[in-house]
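Trainee: Please take me closely through one strand pairing in this model, and then show how the surrounding parts are arranged.

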Amino acid sequence: MQSSIDSVAKLISNASHVTVLTGAGVSKESGIPTFRDAQTGFWEKHRPEDLATPEGFLADPKLVWTWYDYRRKLLDNVQPNPGHQAIVDLEKLVDKVTVVTQNVDGLHQRAGSTDVIELHGSIKKFYCFDHEHEALDVPFDLEEPPLCNVCGSMIRPAVVWFGEALPHKLLNRGITECEESQVILVVGTSSLVQPAASLPLSGYHRGAKIIEVNPDATPLSRIAEVVLQGPSGEVLPKVVASLKNLKSNSN
Ligand code: APR
């Protein structure tokens, strides 16, 4: 494993731009339940399409509101883990680091990453259903969605629901960042959910080296230059340590 870690550090040391694409796995060691893991107790009997689609929201706004309120509260008791921290540390070792995440938990920003593209939105932000007018300071424990100050339509969480398109601008920026990177670290994602799963390919076709960090193999593993098989909270700090070592030896 150490030799793979050192070869990843070498690749990163030669890069001026690194993009880190993350999924649910990077937050696993913070104890964040995935969508399905959170579906315990009362929530178990509801189908994802009832809880996380525009149709489900319109059919039962109170139910969907309460589900997101519950998940937003779960986040209040968790902290970023050493994997998030290692991604922050990379910023001091590489000219440009862009984080592109499928997570809605905001943990990369809380850890200190300064350039984060939230492809699937944020569970801590809100806008109105009809016009996407932003709503600020939405309190916990409301029994139903509040109404938009501007147009009166219902306020909803600013997350991308099943069946919804990703915001064009964010997706395009994610593609551009991958295309301009020499190294793309793909961390904790099953690489199954489109369009995020194909982002690394746009960099790969322009010569970027793909590094995968995941305890399990994914469809992306095949094209990865190096696969670091393990939990990101253990593997990424080792990559950063090796990179620091390399940099201090070359000074
Ligand atoms: N470190 C790194 N990777 C891990 C860890 C860990 N400690 N634990 C698990 N993983 C890996 C799993 O092996 C799996 O490949 O993280 C991946 C998590 O996969 P998913 O739960 O499918 O998450 P993700 O790929 O982010 O899903 C994408 O699908 O559910 C929707 O919108 C939701 O953003 C989500 C999207």
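Mentor: Let us begin with one pair of residues: serine 122 stands opposite alanine 158 in strand E6. The model is predicted, so to speak of a local feature requires pLDDT of at least 70, and side-chain atom pairs count only at pLDDT 80 or more, while totals for chains, interfaces and linings use all residues. Residues are numbered from 1 along each chain as its sequence is written, and side-chain values use heavy atoms, with hydrogens and water left out.

Strand E4, residues 121-128, and E6 pair in the antiparallel sense over five bridges (two strands pair if DSSP finds at least two bridges between them; strands are DSSP runs of E with at least two residues and helices runs of H or I with at least four, numbered from the N terminus). A further bridge partner in E6 is isoleucine 155, set against cysteine 128. E6 itself spans residues 155-159, and five of its five residues are buried (under 20% relative accessible area with a 1.4 Å probe and protein chains only; over 50% is exposed, and between the two is partly exposed).

These strands belong to an open sheet of three, in the order E5-E4-E6, with antiparallel pairing. Its edge strands are E5 (134-135) and E6, each of which pairs on one side only.

Beyond E6, the loop that leads to helix H9 (168-180) contains glycine 163. This glycine 163 is classed as exposed because its relative accessible area is 87%. From C-alpha to C-alpha, glycine 163 is 41 Å from aspartate 6, and 157 residues separate the two in sequence.

A different pairing sense is found elsewhere: E1 and E2 pair in the parallel sense over six bridges, and threonine 22 stands opposite threonine 101 in E2. E2 also pairs in the parallel sense with strand E3 (residues 116-118), over three bridges. Threonine 101 has glutamate 118 as its bridge partner in E3. E2 is mostly covered, with five of its six residues buried.

The nonpolar packing comes next. The largest nonpolar core has 28 residues, and those with the most contacts inside it are Ile12, Val18, Val20, Leu90, Leu185 and Leu228 (such a core is a set of buried Ala, Val, Leu, Ile, Met, Phe, Trp, Tyr and Cys residues joined through side-chain atoms within 4.5 Å). Among the elements that give two or more residues to this core are helix H1 (2-13), strand E1 (17-22), helix H7 (82-90), strand E2 (96-101) and helix H11 (232-250). H11 gives the most, with five residues. Leucine 90 touches Ile12, Val20, Val97, Leu185, Val240 and Leu243, leaving aside residues up to four places away in sequence (contact means heavy atoms within 4.5 Å). Apart from the largest core lies another, of 18 residues, among them Ile32, Tyr68, Leu107 and Ile123.

Finally, alanine 15 offers a counterpart to glycine 163 in a loop, here the one between H1 and E1. Alanine 15 is buried because its relative accessible area is 10%. Not counting residues up to four places away in sequence, alanine 15 touches Val94, Gln182 and Val183. Leucine 93 is 78 residues from alanine 15 in sequence, with a C-alpha to C-alpha distance of 10.0 Å.
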